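Open the structure in your viewer with the cartoon representation switched on, and keep the selection panel at hand. The tour goes from one selection to the next, with a short account of what is found at each stop.

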Amino acid sequence: MKRDKVAIIGTVGLPAKYGGFETLAEHLVTHLSDKYDFTVYCSKKKYTVEEQIESYKGAKLEYIGLDANGVQSIPYDTISIIKALRSNDVLLVLGVAGAWVLPLVRLFTKKKIIISIDGIEWKRDKWSLFAKLYLWWAEKIAVKYSHIDISDNESIQDYTALRYETLSRVIEYGADHTLQVQPTPEDIVKYPFLSQDYAVKVCRIEPENNVHMVLQAFRAMPTKILVLVGNWKNSAYGAELKESYSNVSNIHLYDPIYNQREIDLIRGNAALYIHGHSAGGTNPSLVEAMYLCLPIFSFNVSYNKTTTENKAIYFSTAEELIQHLKNVSQDELDQLRVEMKSIALRRYTWDVIAEQYSLLIQEALTSDKKSSVFSDVRKLDHNVLEKYHLSHLKNSDMFYQKRQ
């Protein structure tokens, strides 16, 4: 039986070892390869010659000789999209960097396009003004010319509804690939903090993740231990922070850890997870911490409050974080653990996420019409509605449109 062919575009590649999109791609391939023929586009720059394999878990891998992130993501995604047109039925595009080419795809082909806009990327502090303007424009093109657009958070869905009048589909990230790891004596020798209570934060070292704020708070509280894992060498911001805080006795700074057991070991045995992200949508590191049953202190923005269902503890400044660290009781932390785990089990498991993607793929294959936040009533002639005493429906619809 012929199976539908799906291209996954916009990730660094497989096997996953870099970030959220890669983990998503890995689990889609793992859960859905019996239903679809996947092709995943990978960055040749991130895999050694020995690591560049032809297939992985049933998915075909194709390599592009560019970096998947930063400025090169635009040609990287563009080339991936063009290559994918040759033999795929559905293009699952993760991110908007290559969106400029989508109008041409819609004009000259009948390929179906599903796009995840990856939060509100153009608002991130790490981008230059030119990059922000391009991403702002690319986001608009991506939403307009895709058959289905995905938001990873209800707050992002609200944003796209207001700005583009489309009904974006909310699909978050799974977290049940994480494991609770009991430390061995050898682990404690390598990571002595495992024998103590400590807070942990895992993130890209960028201003929007408020790394400086978290470090500032813990330096002011020498009895509280912080373990922070991130790509310190990736920017001047990270390098300066690492130089400033490397000798602070209660702060432990680590470069990225790509061994799943070790990262689960460090996160899963923490007393507390600090989440500083101020931009984006549903963050994979946050839902993974929730699944690991960690109490969450999170930066106070709508995306994080949506992810944690308003049940975490929130801070907006270093001073607020310090006060929460000082005042929270063990009973409160224990209750937070239970609530975060309960939310993760209900919402952030890969079998649920994969099935949602499968349903979207089927919808894209069978429908050319994109969902709008407004009903089709507004397209009907007012006189027709009035004839059947239904004019109030159009009036109501127009009322909500004007409010936006």
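Begin by selecting residues 37-43 and 59-64, which are strands β2 and β4; in this predicted model the two pair in the parallel sense over five bridges. To see one of the contacts that define this pairing, show Tyr41, whose bridge partner in β4 is Glu62.

Now widen the selection to the sheet to which these strands belong, an open one of eight strands with mixed pairing, in the order β3-β4-β2-β1-β5-β6-β7-β8. At its edges stand β3 (55-56) and β8 (169-170), and because each has a single partner strand, one side of each is left without a neighbour in the sheet.

Next, add the helices that pack on this sheet. Select residues 154-164 for helix α5, which touches β7 (148-151) and β8, and whose direction makes about 135 degrees with that of β7. Then select residues 350-366 for helix α14, which is in contact with β1 (5-9), β5 (90-94), β6 (112-116), β7 and β8, its direction making about 145 degrees with that of β6.

Move on to another sheet, an open one of six strands with parallel pairing, which follows the order β11-β10-β9-β12-β13-β14. Its edge strands, each of which pairs on one side only, are β11 (251-254) and β14 (313-315), and neighbouring strands are turned by 20 degrees against each other on average, direction ignored.

Within this sheet, select residues 199-202 and 226-229, that is, strands β9 and β10, which pair in the parallel sense over four bridges; here Ala199 has Leu226 of β10 as its bridge partner.

For the helices of this sheet, select residues 318-327, helix α12, which lies across β12 (272-275), β13 (296-299) and β14 and runs at about 150 degrees to β14. Helix α13, residues 330-347, also packs on the sheet and touches β12, β13 and β14, while its direction makes about 75 degrees with that of β13.

Keep α13 displayed for the last stop, the second largest pocket, which has a volume of about 300 Å³. Of the 15 residues that line this pocket, show as sticks the closest to its centre, namely Asp197, Lys224, Ala271, Leu272 and Leu333. Which element gives the most to the lining? Helix α13 does, with three residues. If you colour the lining by class, you will find ten nonpolar, two polar and three charged residues.

Conventions. Residues are numbered from 1 along each chain as its sequence is written. This is a predicted model: local features need pLDDT of at least 70, side-chain atom pairs count only at pLDDT 80 or more; totals for chains, interfaces and linings use all residues. Side-chain values use heavy atoms; hydrogens and water are left out. Two strands pair if DSSP finds at least two bridges between them. Axes are lines fitted to C-alpha atoms, for helices over the stretch in contact, and angles run from 0 to 180 degrees between N-to-C directions. Contact means heavy atoms within 4.5 Å. On a 1 Å grid over the protein atoms alone, a cavity is a set of points where a 1.4 Å probe fits but cannot get out, and a pocket is an open set with protein on both sides within 12 Å along at least five of seven lines; lining residues have an atom within 4 Å of a point. Grid points are joined across faces, edges and corners, and a volume is the space filled by probe spheres set on the points. Ala, Val, Leu, Ile, Met, Phe, Trp, Tyr, Cys and Pro count as nonpolar, Asp, Glu, Lys and Arg as charged, and the others, Gly among them, as polar.
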